[in-house]
Amino acid sequence: MFRGIIKNGIRNELLLKVEEISGQNVFNCYQCGNCSSGCPVVEYMDITPNQVLRLSQYGASEEILDSETIWVCSTCLQCSSRCPKGIDVARIMEAYRTINLRSGIGKINPRKIDVSAANDIPPILLVSAMRKLTG
Amino acid sequence: MNLPYYPGCTLKANASHFEDSAIKALEKLNCQLQEMKDWVCCGTVFSLSNDDLMLQLSSIRNLLRAEKQGLNELIVLCSMCYNTLKRSKDFITDDKEKLEKVNNFMYMEEVDYKGTVDIYHLLTILKDRITFETIQDKVKKPLNSLKLGAFYGCLLVRPKEYAIDDFEGPTIIEDLLSALGAESLDFAYKLECCGAYQTLTQKDVSLKRSYEIIRSASRAGCEAIVTSCPLCAYNLDFLQKEIDEEQVDFNKIPIFYFTELMSIALGAGWSSKWSELHFVDPEQLLRDKHLL
Amino acid sequence: MKRIGVFVCHCGDNIAGNVDVERVAKEISKHDGVAHSVDYTFMCSDPGQKLIKDAIIEKKLDGVIIASCSPTMHEGTFRKATASAGLNPYQCEIANIREQCSWVHFDKEKGTQKAILIIKSMIEKLKMNELLYPVSVSTNKNVLVIGAGIAGIQAALDIGEAGHKVFLVEKKPYIGGHMIQLSVTFPTLDCSQCILTPKMVQVNQDENIELFVNSEVESIDGAVGNFKIKIKRTAQYINPDICTGCGDCVEACPELVPDEYEEGLSYRRAVYMSFPQVIPYTYTLDIDNCLGLNPIACGKCKEACKENAINYDLRDEIIEKSVGAVIVTTGYDQYPMENIGEYGYGKYPDVVSGLQFERLIFAIGPSGGKMLRPSDGKPVKKIAFIQCSGSRDPERHLSHCSKICCMYTAKQAKMFKTKVPDGQAYIYYIDVRAAGKDYEEFIQKAQSDQKLIYVRGKVSRIYKGNDKMAISAFDTLSGKKMDVEVDMVVLALGLVPSFGTAEFARKFNLSVGTSDFLSEAHPKLRPVESVNTGFFLAGTCLGPKDIPETVAQASGAASKVLSLLAYDSVEKSPIIVKVDAEKCDGCGKCAEECIFDAITIDKIQNVAVIDEMKCKGCAYCVPECPYDALEQKNLSSQQIYNMIDAILGKGNKVEKDKTHVPKIICFLSEIGPYQAADLAGTGRMEYRPNVFVIKVLSISMLNKNHILYAIKHGADGVLISGSHPGESPYPGASLKAKERIDSIKSEIKSAGLNSDRIRLEWYAGRQAKGFAAYVDKFVEYLKMKGPVDSAKWRLLH
């Protein structure tokens with residue numbers, strides 16, 4: 001039996017799914033921390049980008065699915081562009097988001113958007129948010 | 001020179017001055033933007049999931065229709081449309097299996113997409129095809145004494161394979177502004193994220209990001225920021241209302257599209273309609289510099 | 001006809017467990033030409049060797065096959081035994097029935113059958129083996145050392161002390177390399193100059209050492225024991241014998257040039273002396289930055305020189321020498337800051353390199369040892385060190401760890417704190433690697449005593465903040481942002497082989513390995529030798545290392561050279577290429593292609609002549625000859641065909657049914673794939689017994705006939721495998737082989753045949769698992785394809 005962080009075995013089904021959607025090998029990560037260093041929104045995250053990689057290696061992907069992190073990530077690609085191991089970290093974030101969205105867990109409910117306010121904001125903002133944050 | 005052109009939704013709405021100024025400025029360079037027919041949404045954000053082609057469909061549909069109309073390239077102004085269209089194109093073009101699947105989805109289009117349409121950002125066209133030297137020669141009203149900060153944000157330089165210039169140290173916008181006679185100042189945050197669509201869900205993120213970007217530019221001495229992304233432009237410009245209320249040491253500065261400045265410099269002028277689409281008044285600065 | 005003896009080893013149970021050794025010996029005794037065939041428990045033991053020696057004498061054998069472990073294990077042992085019984089050692093061949101048979105096939109019947117075929121093929125090779133004798137030539141006892149950093153200095157002193165003449169060649173105007181730029185050395189903190197200058201002076205005083213500064217080696221011809229070298233010395237325009245070192249010329253010179261010795265932090269004149277303790281003690285006139293060597297252009301220095309030591313008429317010289325061995329100590333350079341965009345592309349003056357910091361903290365350096373910002377001379381109170389700048393970043397920069405940076409960063413931070421006690425130092429690191437004597441203790445102590453802040457996380461970006469340099473970073477241990485603003489940033493830049501190493505390696509046939517450092521002949525067991533015999537390597541040209549390691553290596557290389565020079569003649573393997581003078585018409589194609597310049601054309605006889613000392617036997621030239629006039633000694637085309645015949649069982653009908661058992665002929669290079677196959681045995685990685693190995697020195701010896709012969713005569717597939725391009729001991733050989741095989745394959749394709757029956761793969765010795773798995777897959781593929789139609793293949797020419 002495992003105690004601590006490893007609960008469902010290392011390369012469990014969830015991680016395999018993440019690998020499939022992202023096309024990334026999380027075991028390439030050697031924890032240099034560059035992704036978190038350059039992340040413009042790391043202060044708003046409950047799990048930092050380097051921890052996302054670490055937890056993924058442990059197969060502790062459930063924690064990431066429940067995190068604020070994957071919704072705060074705005075896909076600016078700073079992490080992906082500077083990763084010394086060529087890991088496209090943004091794709092891993094997207095994979096976790098996608099898994100949630102596919103099971104109906106989204107960040108915003110399109111029906112609850114204030115339509116009167118929507119008139120003032122540009123379509124690019126509205127549509128991109130919906131694309132990233134709704135299922 | 002005719003330039004087949006893809007506008008995207010925001011250039012027909014809140015950023016119509018971006019399109020309008022581009023058309024006017026390019027006319028002075030003997031170039032016409034020719035809008036493609038039947039375009040649809042670019043998809044806004046390029047999907048990063050490998051296993052879902054549906055999310056690429058909207059982008060590819062534009063490419064297919066352009067191809068059907070006999071176009072072999074599309075010039076894009078909006079950074080986001082540029083990034084999404086170009087990456088979607090590469091995502092399927094070299095993969096026959098994916099291409100076939102996508103074409104099957106789009107059977108209503110009657111023809112198949114073959115993968116012959118190239119995507120260029122207008123800045124690249126200005127640099128490589130028209131050249132900044134030509135632009136410099138045609139400047140009627142040099143933007144003398146205007147101190148500008150070129151803001152790239154994310155989509156023009158990342159991912160690095162799609163950067164329109166060196167992804168850690170681009171200068172393409174600065175070079176254009178210099179050709180127009182302005183002084184462009186380097187500032188630390190020119191490649192940072194503005195907060196993007198977080199404005200809708202977590203406004204505090206976008207407020208902080210935009211504040212830091214503007215502060216960085218102001219401290220470097222910039223009197224205005226220049227961009228090519230309608231989302232950056234919205235955040236950097238319209239969030240200044242709240243930033244101004246929250247931050248004590250804050251001074252508002254106008255946010256321009258690079259085409260607006262081209263229009264002034266090339267002698268196509270300024271339109272008061274454009275001012276209405278800005279939050280921070282651009283005219284005061286332009287008047288101070290004797291550019292209006 | 002040779003009388004051949006075959007000795008089958010049990011190797012305890014290692015072979016006998018999976019091969020019926022007695023049956024093998026019995027079966028082999030019936031083979032044509034075999035006069036004697038026995039089996040024994042341990043052939044390598046003393047009684048085993050005696051068995052062989054006695055048999056050679058008693059049975060009047062003129063060839064022996066030892067069927068045992070891999071030739072890499074005991075070929076030497078058995079050849080010595082053979083020689084002591086009076087038989088030419090090249091009449092002894094090893095049949096590898098352990099690593100490539102009993103250890104990888106666990107079906108005893110199949111293993112036994114394969115062992116028999118392996119032995120038969122070696123018998124057929126042996127039948128045509130010539131008597132060979134090691135080539136021996138007298139040795140020149142002088143030595144060339146290239147590069148006069150600490151490694152070159154140490155090697156030169158060691159060899160000079162042993163009484164041999166050394167030519168020490170240095171590109172720069174001074175000796176001492178990067179070490180003479182350093183402030184103090186870790187972990188002892190002794191002054192670098194104080195420990196190095198005595199050695200530099202010794203070099204200058206040693207009568208056996210002839211020093212050439214401002215010089216480069218232009219060419220090295222010949223072979224081990226007898227190299228002819230040409231040294232190009234750039235004209236200095238200053239006669240060192242007359243120059244008194246007064247410095248009047250420097251004051252007269254109007255030109256300012258960034259000072260290389262000071263890492264560009266200050267300026268020097270076009271005529272200059274790098275530093276006061278410089279050896280050789282003379283001024284240098286830097287012609288690239290001089291206004292012009294005539295009174296019309298400038299001429300101020302000549303005017304100023306009272307001693308008339310300046311002579312504008314001097315020209316570059318070529319100096320010719322003869323040496324027996326060469327030591328290469330060309331050292332390192334720092335990874336260019338200009339390549340690292342996120343750290344400012346080297347455009348911020350307050351972001352400095354590790355070496356620049358050494359100069360800044362040096363008592364008589366450009367800032368007089370005060371910690372001042374290069375940009376504006378303000379004092380440095382806060383400083384950040386960034387480890388792994390460019391290192392450990394396979395995606396964009398260097399993949400390797402530069403090894404010394406953890407230590408020198410700790411040293412520099414400690415020195416900073418000593419100079420600026422109220423200052424603060426931040427050290428950004430990914431891992432701290434301090435594996436060396438007293439190293440870990442040094443870092444721990446510095447960290448505690450100097451209250452250093454070690455931040456665990458790679459810095460994402462450096463940019464100009466408010467007056468200071470701003471760092472965007474994150475501490476992965478606390479999970480918090482760790483952005484700071486500092487007065488100065490020191491980049492612990494990765495180490496790369498000194499600029500120009502790649503070209504140098506190409507010029508002198510030195511192989512280049514990972515990260516473009518030079519390669520040693522064997523990474524573990526021959527660490528200071530090059531594959532190019534007669535060349536020895538030491539120091540950071542081989543990879544990042546610290547001073548003690550460099551010095552140890554330099555002494556190691558020197559002692560290797562000394563043991564070479566201890567003999568009056570050198571011997572080398574006689575397995576080289578030979579020319580059939582009847583067939584050769586002296587066209588010169590081979591001479592053009594030879595990697596080692598070992599072939600010349602005798603214009604009178606119109607025939608190619610092989611330099612026995614230079615030829616390494618790779619036989620790269622063999623397929624190039626339009627007349628088939630070249631052969632590798634003891635592995636001629638006929639020998640290869642005979643071996644293939646023995647394996648395939650000449651005349652056997654191929655059964656065209658579903659029970660078809662495909663056979664694969666594998667041509668494996670000795671270095672790389674053959675080792676991988678052996679290692680698969682050591683690891684007991686089972687694969688199918690359908691593969692038969694023919695060992696070659698290099699697959700670049702194979703021509704179309706060699707490759708097609710197998711398939712034309714019933715083999716189902718051919719695997720050709722060499723070492724990875726860049727790792728081959730014969731530079732360029734792997735790629736050339738690929739080019740040739742690609743062209744053969746496209747020919748096969750255009751004839752409508754399946755070119756996939758012929759495969760080319762790269763294997764390094766370490767890739768045993770990959771090799772075993774590949775072979776299995778290949779067998780599977782050939783089974784699926786069914787038997788080959790040899791008749792159709794025979795139509796190919």
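**Exercise 1. Find how S24(C) and strand S25 (residues 469–472) of chain C are joined, and place them in their sheet.**

Step 1. Four bridges join S24(C) to S25(C), and the two run antiparallel. Strands here are DSSP runs (E, at least two residues), numbered from the N terminus, and two of them pair if DSSP finds at least two bridges between them.

Step 2. Pick out one partner: Tyr463(C) is bridged to Ala470(C) in S25(C).

Step 3. Now widen the view to the open sheet of three strands, ordered S24-S25-S28 in chain C with antiparallel pairing. Strand S24 (461–464) and strand S28 (484–486) of chain C are its edges, each pairing on one side only.

A word on the model: it is predicted, with local features needing pLDDT of at least 70 and side-chain atom pairs pLDDT 80 or more, while totals for chains, interfaces and linings use all residues. Residues are numbered from 1 along each chain as its sequence is written, chains are lettered from A in the order written, and side-chain values use heavy atoms, without hydrogens and water.

**Exercise 2. Describe the contact between chain A and chain B.**

Step 1. Count residues: 42 from chain A and 43 from chain B take part, contact meaning heavy atoms within 4.5 Å.

Step 2. Take the area: about 3,700 Å² is buried, 60% of it on carbon and sulfur atoms. Buried area is the accessible area (1.4 Å probe) lost on putting two parts together, summed over both.

Step 3. Look for charges: there are five salt bridges between these chains, each a side-chain nitrogen of Lys or Arg within 4 Å of a carboxyl oxygen of Asp or Glu. Among them, Glu168(B) meets Arg82(A), with the closest N and O atoms 2.7 Å apart.
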